[in-house]
Amino acid sequence: MTLMRAARLHAIGEPMTIDAIEVPKPRPTDVLVRVKACGIVPNMANVINNWPTWFPHQPLPQFPAIFGLDVAGVVEEVGEAVIATKPGTRVYVSPLRSCGSCYSCRGGQHSLCRYFTHNGYFSTSPDGQKIFDLYPYGGFAEYMTAPQHSLVTLPDNISFEQAGRFGYIGTAYGALRMADAGPGKVSLIDGITGTLGVASTMLSLAMGVSKVLGTGRNEVLPECVKSLAPNRIEVLKLGDKSSGEWAKTLTDGEGVDFVISALGAKAAPETMLDSMQGVRRGGKIVNVGGVADVVPVDMKWLMDEQVQLIGSNWFSTAQGQELAHMVETGALDLSYLEHERFSLDDVNRAISGLQDRRGGFSNYVVIP
Ligand SMILES: [Zn+2]
């Protein structure tokens with residue numbers, strides 16, 4: 001029996017402990033990945049401290065649980081039915097888990113599966129516990145198992161630390177694809193300084209979006225985002241004026257082609273509603289943020305202006321591979337990420353320290 005070190009949560013609100021457990025064997029269509037970096041998402045502290053109270057119908061993995069959402073590493077071993085993936089391959093492991101056999105899964109739309117679960121995080125489905133039982137290993141451990149279809153192959157110019165951010169970059173990419181982002185378009189990114197906001201900005205630029213408008217509540221960070229491409233980015237500090245009117249003014253009264261709502265959980269519904277008013281007739285609003293309160297939407301306006309309001313929760317593995325290609329060719333530059341590295345022993349400090357981060361620029365990673 002070979003042992004590995006894993007940070008495990010034994011009870012909500014308690015610190016994780018480093019335990020020695022058995023290295024898992026991959027099932028026939030799974031692989032075993034040696035974890036090289038695991039990104040910590042800003043919401044992780046909420047999940048391990050408050051989730052069962054806030055969202056009682058969204059299960060967590062069974063305790064003692066190994067969390068850790070965004071894993072980059074090297075394939076160590078493959079199951080007997082894995083043909084195309086070889087040991088030694090550098091990979092990002094998408095944590096999206098689904099049943100694999102329902103109508104949506106058979107169509108490749110895994111995020112529409114009723115068993116939709118984030119490995120190492122939480123499930124949005126009451127049925128998600130079955131998935132956690134099949135994949136109980138998150139990224140805060142030396143090894144994890146993963147289905148072969150969850151792997152994004154990494155080119156040499158993507159570091160493990162950068163790939164440990166692929167979850168949020170990919171989520172931003174999925175939202176931009178839903179919004180039909182592309183050349184000639186103007187976007188409004190609500191919450192432009194956050195993890196999803198900065199990623200949405202960099203991706204918009206890479207995808208040819210002409211102009212990126214963005215709002216943020218921080219004093220300094222909006223200007224840091226603008227400095228990434230001063231002639232294509234305009235920023236507004238939330239509270240200075242109406243974001244919707246501001247967006248209309250900057251587009252000659254027309255409105256933006258799409259809004260990406262990437263606000264945090266505590267943002268007021270009014271903030272989101274204001275920016276929604278900045279979209280043009282026929283435009284799209286894609287919500288990928290965490291506004292937790294109920295947002296009262298003017299449905300007649302939605303109809304009159306033929307505006308589409310769309311929810312987006314993750315991205316496909318294929319889209320993750322597209323991201324990797326964009327970095328490989330230089331179209332997408334991830335050098336804006338400022339890595340904060342922590343050992344597995346420091347995982348508790350890493351999770352609780354995220355409140356000090358520099359918005360979407362900071363990248364907190366655990367290196368097991
Ligand atoms: Zn399914």
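Colleague: How are the donor residues of the zinc ion spaced in sequence?

Modeller: This is a predicted model, and in it the spacing of those donors reads C-x2-C-x2-C-x7-C. The residues are Cys99, Cys102, Cys105 and Cys113, each coordinating through SG, at 2.3 to 2.4 Å.

Colleague: What makes the site of the zinc ion tetrahedral?

Modeller: Look at the angles among the four donor atoms: they run from 106 to 116°. Four donors count as tetrahedral if all angles lie between 85 and 135 degrees, so the label fits.

Colleague: Where in the chain do cysteine 99 and cysteine 113 sit?

Modeller: They're 14 residues apart and link distant parts of the chain. Cysteine 99 is in the loop between strand S6 (96–97) and helix H2 (103–106), while cysteine 113 is in the loop between H2 and strand S7 (117–118).

Colleague: Why is cysteine 113 called buried?

Modeller: Its relative accessible area is 4%, and buried means under 20%. Cysteine 99 has 30%, which falls between the 20% and 50% cut-offs, so cysteine 99 is partly exposed.

Colleague: Over to the helices. Why are H5 and H6 called oblique to each other?

Modeller: The axes of H5 (residues 166–178) and H6 (residues 195–206) come within 8 Å and cross at roughly 60°. Roughly perpendicular starts at 65 degrees and roughly parallel is under 35, so this angle is left as oblique. The crossing is right-handed.

Colleague: Which residues meet there?

Modeller: Among them are Tyr168, Ile169 and Leu176 in H5, and Leu196, Ala199 and Leu203 in H6.

Conventions. Residues numbered from 1 in each chain as written. Predicted model: local features only at pLDDT ≥ 70, side-chain atom pairs only at ≥ 80, totals over all residues. Heavy atoms only, no water. Donors = N, O, S within 2.8 Å, 3.2 Å for Na, K, Ca; no water. Tetrahedral: all angles 85-135°; square planar, octahedral: opposite > 155°, others 65-115°. Helix = DSSP H or I, 4+ residues; strand = E, 2+ residues; numbered from the N terminus. Buried < 20%, exposed > 50% of the residue type's maximum accessible area, 1.4 Å probe, protein only. Axes fitted to C-alpha atoms, helices over the stretch in contact; angles between N-to-C directions. Left-handed = near helix turned anticlockwise from the far one by under 90°. Contact = heavy atoms within 4.5 Å.
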